[in-house]
Amino acid sequence: MASTSQPLSESAYSPDTCMFCSQSLRITTSAPDTDSESERPLERGEPTTVIDDVELHCGPPGSVPGGHHAHWACLIDHATAQARARAHGAVPPVPADPVLGAAVRDTGTETEARTYPPAFTTCVVCRQNILDPSGRFIVDVRNEGGETRGFDFGVIIEEEEFLDSHPSQVHSRAFHDLVAEGDYVGAIDVIAEHDVDVNCTYGNDGLTALQKAMYSGDASGVEFLRSLGATV
Ligand SMILES: [Zn+2]
Ligand SMILES: [Zn+2]
């Protein structure tokens, strides 16, 4: 652990709390069937505690995974706020650093040089590097779905940034997500409520929901979309 001056106090941090909001990584939720007007919440919709933990890999690139923790939403909020502030010139560019100043992302087909905002390169608590040797923001995620090690959180941040700059795409994303999840009732609701085109594209790849369903071998998704009149 670094012992230099830190924007967040190391002593105030515990591995059980979020590095941004200092709240517990165990969050209390109610079962979905709760009667909101009931004065006896314990009888129905028993509150349950779930883990909401993203663990950063603080340390030199390629070091042993492990470091500071944050809530999923807090990490997104922090990262997108940094990106937004930097886009408006409120945060100075990343200082020239031979290792961290310009992270290089190898996408497999092309090598894309990319400069990350400070929040993407170093931990705000220990100020150590949080990127892997190829410049990806790799974390370990623990939540209701279980534990996922080696998760590329940079993809999530890019998606949030994309929506930030393309706000009209929010409903297109919802439609694509619901079709992919097999929630066809929800997908039809989105079309009805937000006038979403069944052939809308979402994401930088410019694919429609039908194209995504076809490429992923989702036969029922293809059938559903064709029934709505989707075309390739
Ligand atoms: Zn938090
Ligand atoms: Zn750290």
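Biologist: Hi! Which residues touch the most other members in the largest nonpolar core?
Modeller: Cys123, Ile130 and Phe153 do, out of 19 residues in that core. By core I mean buried Ala, Val, Leu, Ile, Met, Phe, Trp, Tyr and Cys residues joined through C-beta atoms within 7 Å. Buried stands for 20 or more other C-beta atoms within 10 Å of a residue's own, exposed for 12 or fewer and partly exposed for in between, with C-beta atoms placed from the backbone.

Biologist: Is there anything I should know about the model and its labels?
Modeller: This is a predicted model, where local features need pLDDT of at least 70 and side-chain atom pairs count only at pLDDT 80 or more, while totals for chains, interfaces and linings use all residues. Residues are numbered from 1 along each chain as its sequence is written, and chains are lettered from A and ligands numbered from 1 in the order in which they are written.

Biologist: Back to that core, which elements each supply at least two residues?
Modeller: β3, α1 (72-87) and α3 do, and the largest share, 3 residues, comes from α1. Helices (H or I, at least four residues) and strands (E, at least two) are DSSP runs, numbered from the N terminus.

Biologist: And what is Cys123 in contact with, leaving aside neighbours within four places in sequence?
Modeller: Leu56, Cys58, Gly67, His68, Gln128 and Ile130. Contact here is C-beta atoms, placed from the backbone, within 7 Å.

Biologist: What about a second core?
Modeller: There is a separate one of 13 residues, including Val198, Leu210, Ala213 and Phe224.

Biologist: New topic: in what order do the strands of the open sheet come?
Modeller: The order is β4-β3-β7-β8, with antiparallel pairing. Strands pair if DSSP finds at least two bridges between them. At the edges, β4 (69-70) and β8 (146-152) each pair on one side only.

Biologist: How many bridges join β7 to β8?
Modeller: 5 bridges link β8 with β7 (residues 138-143), and a hairpin connects the two through 2 residues. In that pair, Val139 stands opposite Phe151. On β3, Val54 faces Val141 of β7, and 4 bridges hold β3 and β7 together.

Biologist: Which helix packs on the sheet?
Modeller: α3 (residues 153-165), touching β3 (53-56), β7 and β8, with its direction at about 75° to that of β8. Axes are lines fitted to C-alpha atoms, for helices over the stretch in contact, and angles run from 0 to 180 degrees between N-to-C directions.

Biologist: Nice. How many helices and strands are there in the protein?
Modeller: 7 helices and 10 strands, and buried residues make up 24% of the 232 residues.

Technical notes: Two residues are in contact if their C-beta atoms, placed from the backbone, lie within 7 Å.
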